[in-house]
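Here is a friendly walk through one protein model, from its surface to its sheets. Please keep the viewer open as you read.

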Amino acid sequence: MKKVIIIGAGPAGLTAADTLLKSGKNEYDITILEENGDIGGISKTVKYNGHRMDIGGHRFFSKDERVMQWWRDKLPVQGEPSFDDKRLGREKNLSPGGPDPEKEDEVFLVRNRLSRIYFLGKFFDYPISLKPQTFINMGFVRTVKSGFTYAGSLVHKREEKSLEDLYINHFGRELYSLFFEGYTEKLWGRHPSQIDPSWGRQRVKGISVTEVVKNAMAKVLGKDKKSDETSLIEEFNYPKYGPGQLWEKVANDVKSGGAEIIMNAKAVGISGGDGALTAVTYEKDGEKITEEADIIMSTMPVKDLVEAMDFDVPDDIQRIAGGLPYRDFVTVGLLVDRLKVKNETDIKTLGNIVPDCWIYVQDTGVKLGRIQVFNNWSPYLVKDPENTVWIGLEYFCNEGDGFWNMSDEACFEQAVDELVTMGVIESKANVLDHHREKVKKAYPAYFDTYDEMDKVVDYLNTFDNLYCIGRNGQHRYNNMDHSMATAFEAVEAIESGKTDKTAIWNVNTEQAYHEKKAE
């Protein structure tokens, strides 16, 4: 049998293991090494005092039908109303004969997709719509400035050396300043003028926060050009108890299929050379253990993978890999009795809370980047969804910086102060409980040595039995479905004996937003 070592028990690693085991060849002896004590990577679900936290928020929708079918093979879609839909009389596109989430746990819920922007103390649609309220929120002066600067962007195109150049070319300087500049700097910790435009190209080709405004301005200016993009999805699937529920099930499936998962096992050494890798050394409970391998599938950060190689790696490759940047992530969970912001939409919710999954915070006066309302992802994430609101405050930072090193209490105090300042809650007295989670290397970043990443890819591809998959495994801002697709492509290459890794690295290089309806 071929000995396969998979580094990482997140979506890519678990998908790879599951797919290999189902290949029917029965020739793989699989060991998964997971550095942490949780299954699912950044798609895990944290349990706290009867509540659950989705780290980052994960919508189960993809244009890739392989991914959609794989998910549905794991969890069936609900056939009866969920707790909140039943109470509110909301209708959904349910699956005939599907399970009842009030009686069964292994089920995908059907959820409404709604996210908005919180800016200038007001809610804006995401994407921006041309309702009168939009212009009222922006104000007359900003609306006029947006029109003129967008017109200027049609006439004069900047050379796209940075993300700032790309955004200004697409939206004009005023809309860029309003909706992109501050939020992007919060997310990456760098001004858009310092960031490679590659990440933005994957986003702006689809429907963006200002796509509708842009098209409307084009009409006014006599340059009507119908967008070739379809509208964003209106519904998505979501596991009853969050994404971690699905990945914990997959972990059990692969163990039942004969794979071994070793938790709290950090890969610290990669042996081999001359076109092939031969072994992985991992550290567990203070002991270093080496396992030989015929195939290695790595989801560990590229930076760490190259550093772990215990043979001569070219100096230039070490320099580039060592300089690859990451952005780290903190979620502060707050249980509150009520929100001060009002639900002024037509969407019914328990307790009449705002119906958003995410609320994007554009205001640069606070560090907070996004708010998740867990009640709206699934009522089963909250112990008492009728009388409390469980929210996740998402902060982007760097491991070791002042925010990362804050005590739990200091971080909690800042989070509450910002919510009060923004008018999201009335006061600290509204908060019933709180919890903080930190995630290292949540976002591979597109600056520093990233523009030389192709050299590292070429070097890693010289090892015929090494397959780099997943978000950190490829140093690419992949969503969950993209990470899974890299696993599918890697397994196909393994089974066919192909040494060309192009298809694996090409996942998520298309210039289209993944979360849109198919024509």
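On the surface, F140, V141, V144 and F148 make up a nonpolar patch with about 470 Å² of accessible area together. Patch members have over 30% relative accessible area and no salt bridge, with nonpolar side chains (Val, Leu, Ile, Met, Phe, Trp, Tyr) joined within 5 Å and like charges within 9 Å. A salt bridge here is a side-chain nitrogen of Lys or Arg within 4 Å of a carboxyl oxygen of Asp or Glu, and areas come from the Shrake-Rupley method with a 1.4 Å probe, with only the protein chains shown counting as cover for residues.

The model is predicted: local features need pLDDT of at least 70 and side-chain atom pairs pLDDT 80 or more, while totals for chains, interfaces and linings use all residues. Residues are numbered from 1 along each chain as its sequence is written, and side-chain values use heavy atoms, leaving out hydrogens and water.

F148 belongs to helix 5 (residues 140-155). Is F148 buried or exposed? Its relative accessibility is 64%, so F148 counts as exposed; the cut-offs are under 20% for buried and over 50% for exposed, with partly exposed in between. Helix 1 (residues 11-21) has 9 of its 11 residues buried, so this helix is largely enclosed by the rest of the structure. Among those buried residues are P11, G13, D18 and L20.

Helices (H or I, at least four residues) and strands (E, at least two) are DSSP runs numbered from the N terminus, and two strands pair if DSSP finds at least two bridges between them. Two open sheets can be set side by side:

| Strand order | Pairing | Number of strands |
|---|---|---|
| 7-6-15-16-17-14-18 | mixed | 7 strands |
| 9-2-1-13-19 | parallel | 5 strands |

In the mixed sheet, strand 7 (122-125) and strand 18 (431-444) are at the edges with a single partner strand each, so one side of each has no neighbour in the sheet. Its neighbouring strands are turned by 25° against each other on average, direction ignored. Axes are lines fitted to C-alpha atoms, for helices over the stretch in contact, and angles run from 0 to 180 degrees between N-to-C directions. Strand 6 (residues 115-119) pairs with strand 7 in the antiparallel sense over 4 bridges, and I117 stands opposite F124 in strand 7.

In the parallel sheet, 6 bridges join strand 1 (residues 2-7) to strand 2 (residues 28-33), where I5 faces T31. Helix 16 (residues 480-496) packs on this sheet, touching strand 2, strand 13 (295-298) and strand 19; contact means heavy atoms within 4.5 Å.

Terms used
Buried means under 20% relative accessible area, exposed over 50%, partly exposed in between (1.4 Å probe, protein chains only).
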